[in-house]
Amino acid sequence: TATVTGPDGLAFPVTVQASRPEPAAADPDVQVLVLWMTPEPQGPAETLRHIGARPRIASDSGGWVQFQAKNGGLVAPGPLPRSASSTTAMPRPCTPGCGRRDWTRV
């Protein structure tokens, strides 16, 4: 296990696993997307690239990129709302279909 620390100070553990059994009832079409909200999303995006995550979808404006980790997990560093000042702040919930028009597959 190693700890990865982003330039904004957010730290998270990373563990290498030889194999991961799939639960019998797991739905392969369901994925979890971790939102890494930060004042400077370019730094965390670079950190994710350094640990082997690959860009999957990006906004046309360049302000948002979704990465896929080697084990299939998804992480998207994005800018904090203007009123927020820490990495613990969360954005407003997205309504169905919001933002999808400006996604580009990378």
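Q: In this predicted model, which residues does Val 14 contact once its neighbours within four places in sequence are left aside?
A: A contact here means that heavy atoms come within 4.5 Å of each other, and the neighbours of Val 14 within four places in sequence are not counted in this list. What remains is a set of three names, so that the partners of Val 14 are Thr 1, Ala 2 and Val 4.

Q: How far apart in space are Val 14 and Val 4, C-alpha to C-alpha?
A: Val 4 is one of the residues that Val 14 contacts, although the two stand ten residues apart in sequence. In space, the distance from C-alpha to C-alpha is 6.9 Å.

Q: Is Val 14 buried, partly exposed or exposed?
A: Val 14 belongs to strand E2, which covers residues 11-14. A residue is called buried under 20% relative accessible area and exposed over 50%, with partly exposed in between. Because the relative accessibility of Val 14 is 33%, this residue counts as partly exposed.

Q: How many bridges join strand E1 to E2?
A: Strand E1 covers residues 2-5, and E1 and E2 run antiparallel. Within this pairing, Thr 3 stands opposite Pro 13 in E2. The number of bridges joining E1 to E2 is four.

Q: Which residue in the hairpin of E1 and E2 takes a positive phi?
A: The hairpin has five residues between its two strands. The positive phi is near 95°, and the residue that takes it is Gly 9.

Q: Which residue forms a salt bridge with Glu 46?
A: The structure holds one salt bridge, and in it the closest N and O atoms are 3.7 Å apart, where the cut-off is 4 Å. Both residues lie in helix H1, residues 42-50, and they are three residues apart, about one turn of the helix. The partner of Glu 46 is Arg 49.

Q: Are Glu 46 and Arg 49 buried, partly exposed or exposed?
A: Glu 46 has a relative accessible area of 37%, while Arg 49 has a relative accessibility of 39%. Since partly exposed lies between the limits of 20% and 50%, Glu 46 falls in that class, and Arg 49 likewise counts as partly exposed.

Q: In what order do the elements of the protein run from the N terminus on?
A: The protein has one helix and seven strands. Read from the N terminus on, their order is β-β-β-α-β-β-β-β.

Q: What percentage of the residues of the protein count as buried?
A: The protein has 106 residues, and a residue is called buried under 20% relative accessible area. The share that counts as buried is 24%.

Notes
Residues are numbered from 1 along each chain as its sequence is written. This is a predicted model: local features need pLDDT of at least 70, side-chain atom pairs count only at pLDDT 80 or more; totals for chains, interfaces and linings use all residues. Side-chain values use heavy atoms; hydrogens and water are left out. Buried means under 20% relative accessible area, exposed over 50%, partly exposed in between (1.4 Å probe, protein chains only). A salt bridge is a side-chain nitrogen of Lys or Arg within 4 Å of a carboxyl oxygen of Asp or Glu. Two strands pair if DSSP finds at least two bridges between them.
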